[in-house]
Amino acid sequence: MFGFGDMIAKLKKDPKTIVFTEGSDPRILEAASRLLASSFLTPILLGNEDEVNAAAEESGYNIRGAQIIDPAKYEKLDEMIELFCELRKSKGVTPEEAKKILSGANYFGTMLVKMGVADALLGGATYSTADTVRPALQLLKTKPGNSVVSSCFILVRPKATGENEVLAMADCAINIDPTEDELVEIAGETAECAKIFGVDPKVAFLSYSTGGSGKGETVDKMRNAAEKARAKYPELPIDGEMQFDAAVSPRVAKTKCPGSEVAGHANTFIFPDINAGNIGYKIAQRMGNFDAYGPILLGLNGSVNDLSRGCNAIEVYSMAIITAALA
Ligand SMILES: CC(C)(COP(=O)(O)OP(=O)(O)OC[C@H]1O[C@@H](n2cnc3c(N)ncnc32)[C@H](O)[C@@H]1OP(=O)(O)O)[C@@H](O)C(=O)NCCC(=O)NCCS
């Protein structure tokens, strides 16, 4: 499987635990059984123990060795409720309300990460992105020094040479209409994430305009964001605003932005908003034959990731490795 050797090696040196919020989902159980067969990542499955075991038996997956935690019977629930109320005290959450909220596996699992019981969390096989991400935003919050949590996708497809073509795209899943300053932060975080996947980032701020060829508020937003990003990350090749063809085609780049270090060779793409980003990565995935890994949350003070509800067990397995390795 693509590029996971380094991540697995890292986890073998420093094994982690990962909590799965949907403990009785067959795709989670299949991924958990594969993880259990190796020794670098221990799954914690949330749910009623009998139900999780019955689901595993029915779907034929061996989950012996997995920790199963039933939120309804958790022995440290009082401690968890107290911490939850403390974390949400600005919202005036009562212990009764906290108890009800924590009966949801998404909130309960996120608190396990907050309490250090688990190193990482992977959810979203049945929860929506918003319901998986919101508890993390509320309880784990942004990393010190960051102002926003965002996300990127890593896109991978084999080249004729046998190597992989690897790209990063952001923000395709969290921030609906990021500001200039948020785009700058998203670019920096995405470039860092791209490096982990072996990409030497060349960052393009995408638009329907290249170097002022078109006019509009979003054109200005992308041009200004690129300029601010260049000032903030002088070591990174960054350019924009530019159209996608100028970003990836050396021939078009020659005409539309001659002299650019990025144009024609971009591999890290910053989209103006979530519409462009989400549609863009899915076109690459569905029509460009790229495998898409993500959304990988960036800027979060903890390691939590979201699955697509259409995911399969292999995607769960690979996202579990990514999520734990980034913990
Ligand atoms: C991420 C998302 C769910 C947050 O929405 P929300 O829960 O309605 O957001 P709210 O404004 O109510 O904020 C909830 C909390 O998260 C925080 N928050 C929201 N967005 C944040 C961000 N991008 N970074 C950091 N914190 C954020 C808020 O400050 C708030 O904190 P508080 O409760 O401590 O005051 C929302 O931006 C969203 O729906 N994004 C699109 C998701 C999606 O559909 N993606 C496509 C499929 S992959």
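Helix α13 (residues 313–325) lies across β1, β2, β4 and β11 and runs at about 150 degrees to β4. Helices (H or I, at least four residues) and strands (E, at least two) are DSSP runs numbered from the N terminus; contact requires C-beta atoms, placed from the backbone, within 7 Å. Axes are lines fitted to C-alpha atoms, for helices over the stretch in contact, with angles from 0 to 180 degrees between N-to-C directions. Helix α6 (residues 105–114) also lies across β1, β2, β4 (120–123) and β11, at about 165 degrees to β4. The model is predicted: local features need pLDDT of at least 70, side-chain atom pairs count only at pLDDT 80 or more, and totals for chains, interfaces and linings use all residues. Residues are numbered from 1 along each chain as its sequence is written.

The strands beneath this topic form an open, parallel sheet of 5 strands in the order β3-β2-β1-β4-β11, where pairing requires at least two DSSP bridges between two strands. Because β3 (67–69) and β11 (303–306) stand at the edges, each with a single partner strand, one side of each lacks a neighbour in the sheet. The twist averages 25 degrees from one strand to the next. Within the sheet, β1 (residues 16–20) and β2 (residues 41–46) are joined in parallel by 5 bridges, and Phe20 is opposite Leu45 in β2.

Strand β5 (residues 150–158) runs antiparallel to β6, with 7 bridges; Cys152 has Ala170 of β6 as its bridge partner. In their hairpin, with 5 residues between the strands, Gly162 takes a positive phi near 95 degrees. Strand β6 (residues 164–170) also pairs in parallel with β9 (residues 268–270) over 3 bridges.

Technical notes
Contact = placed C-beta atoms within 7 Å.
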